[in-house]
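Colleague: I would like to learn how to read buried residues and internal cavities in a model. Could you walk me through it?

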Amino acid sequence: MLQRSEPANSPDQPSDNGEAAGRRHASTLVEKAFPQFLVIAILLPLLFFGFAAYRDWTGVRAEAETQVAHVRDVLVEHAQRVFKTHELAALATRDRIRRTPAAQPDDLRGFLLSLAGAFPEIASISVIDARGRLLASSAREADAPVSFADAGWFRRLREGEVSRVVEVDPAQTAIAQGLFTLSFRHDDPEGGFDGAVRLAISPGYFNIFHSGIAPERGVITLFHDNGEMLSRYPPDLAMASDLAQDDTFRKAVAEAPSGLITYRSPGDGEQRLYGYAQVGAYPVYLAYGLGRSDMLGIWLGRLGAYAGFFIPAGAALLVLALFAWRNHRELEDTVELRTQALSSAIAEKNQLLKEVHHRVKNNMQIISSLIRMQERVHTSPDETIRRVQAMALVHDLIYSHGDFASVNLAAYAHRLVEGMRRGRDDPPEFDLQLEPVTIALDRAMPFALILSEVVSNAASHTFSEDASPITIALRREDDEIELCVDDEGEGPNPEIDGRGFGLRLIKSLAVQLGARMTYERHHGAVFRLRFPVDPV
């Protein structure tokens, strides 16, 4: 095959330098664009995620304000009812004193015991006369004189500044530690000061109620307008013991009796959103606070759903960007490797074609030799055509399968039998027992001629219509291939008797294969051929 080579600077073909320059230019553009693409791949998901996070935080904050205001109102309503109940208990005590002014202290103490027992939050109820002396108490018997004349709350009631006082029970007069008191002024029928009724309230009642009704998150505090802490839930230091005069919380309370404020508790340092309100007309405020950490927990829980989408998306974009960069960096090497592989494949293909051409040349020489030999023995031209077709069938099998180095003998036997059936008016039956055996091309041609000779001979001597099929068996045992052709042909068989040209041809071809062959005569003939897979 002749090939025409173009000059290197031919105008019909781009030069290698131009192609290389184009590739370098494209590579430079990709290198410049990649950092921008990488930044976009990272920032775009982050921007969307940040927008969604900010929107959700705003929503969590608004929901927290609504929740805090609602819980605050419920708790204030409860505290107001509790304080009103205490005031009714004080009124009941004053009515009892007015109805039975001469009652004995023991009778009055029994009444106070029954009244305090009806309300679990009331630790004790005490009655003090106009001079500040303890007349009766549900907590203890007045076995020793106790005077409250010098107590600040008593002086305020006696002087008429207020009609009720709420304060933390001082330690020196406390009936039980940790209580706060509600003291109510008691007047005689003429309106003069006639003493006081004092109730000691246990903060534990509020804590129990708050633990049962309050949400899991948040803190609840009940404090006096002077900054004293009356109760708090949880009982730990959610807020300091008292609020300083200049405390931000105190200032907010002084400006408005109810509202919302963000406040960092000096007790535990936690920043919370507090909702506060005054409890009725009492100098008492209730505050419910939801911590920033609680709101962050709700917010982060919602962000989990977004993170489940944005993190894989961002990771995917980043991976794609890195993958594209890696492909770009390897592009030139890949092109070079593929060019070399293509060149190697073309060289190999050319070598295979040369090998095929060489085999074709050898086969042509075989055909020429066959023609000369058959002229000497006066063989029929049909036999010559059959043998040439058998050789051509090998090449047809090679081209159809695309394998130029080896031949599948089972596939060849199938095609040979099919061709023989199509070429005869009354073709014999065949029983094919073929294993897929592959040998090199140069060894396949002698095998093809041998198989064609044996099968053609068997088909020519099979006359009976009810004769058994011609059996063609092909199998591999270790490193050898065995071919067996069994037929029930009748009449004289020159091939077996050693007089035919075909047998001489078979023996000659068997030598080329390094094969051992036998012909056995039974009802018909059995031909066996064993040869190594690879040449010896």
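Modeller: Gladly; we will take two residues and then a cavity, bearing in mind that this is a predicted model.

Colleague: Let's begin with Thr 384. Is Thr 384 buried or exposed?

Modeller: The general idea is a cut-off: a residue counts as buried when its relative accessible area is under 20%. Thr 384 has 17% relative accessibility, so it counts as buried. Thr 384 sits in helix 7, which spans residues 381–401. Its C-alpha atom is 6.8 Å from that of Ile 371, although 13 residues separate the two along the chain.

Colleague: And what is the relative accessible area of Ile 506?

Modeller: The value is 2%, so Ile 506 is buried as well. Ile 506 belongs to helix 11 (residues 501–513). Leaving aside residues up to four places away in sequence, Ile 506 touches Ile 450, Glu 453, Val 454, Met 517 and Phe 527. For Met 517, 11 residues along the chain from Ile 506, the C-alpha separation is 9.0 Å.

Colleague: Now the empty space. How many cavities of 30 Å³ or more does the structure hold?

Modeller: Rolling a probe the size of a water molecule over the atoms shows where empty space is left. Here there is one cavity of 30 Å³ or more, and the largest cavity holds about 40 Å³ of space. It is lined by 10 residues, and the closest to its centre are Asn 457, Ala 458, Asp 487, Tyr 519 and Ala 525.

Colleague: Which helix gives the most to that lining?

Modeller: Helix 9, with three residues. Strand 15 (480–487) and strand 17 (525–532) each supply at least two. By type, the lining has six nonpolar residues, three polar and one charged.

Methods: Residues numbered from 1 in each chain as written. Predicted model: local features only at pLDDT ≥ 70, side-chain atom pairs only at ≥ 80, totals over all residues. Heavy atoms only, no water. Helix = DSSP H or I, 4+ residues; strand = E, 2+ residues; numbered from the N terminus. Buried < 20%, exposed > 50% of the residue type's maximum accessible area, 1.4 Å probe, protein only. Contact = heavy atoms within 4.5 Å. 1 Å grid on protein atoms, 1.4 Å probe; cavity = no way out; pocket = protein on both sides within 12 Å on 5 of 7 lines; lining within 4 Å. Points joined across faces, edges and corners; volume = space filled by probe spheres on them. Nonpolar A, V, L, I, M, F, W, Y, C, P; charged D, E, K, R; others polar.
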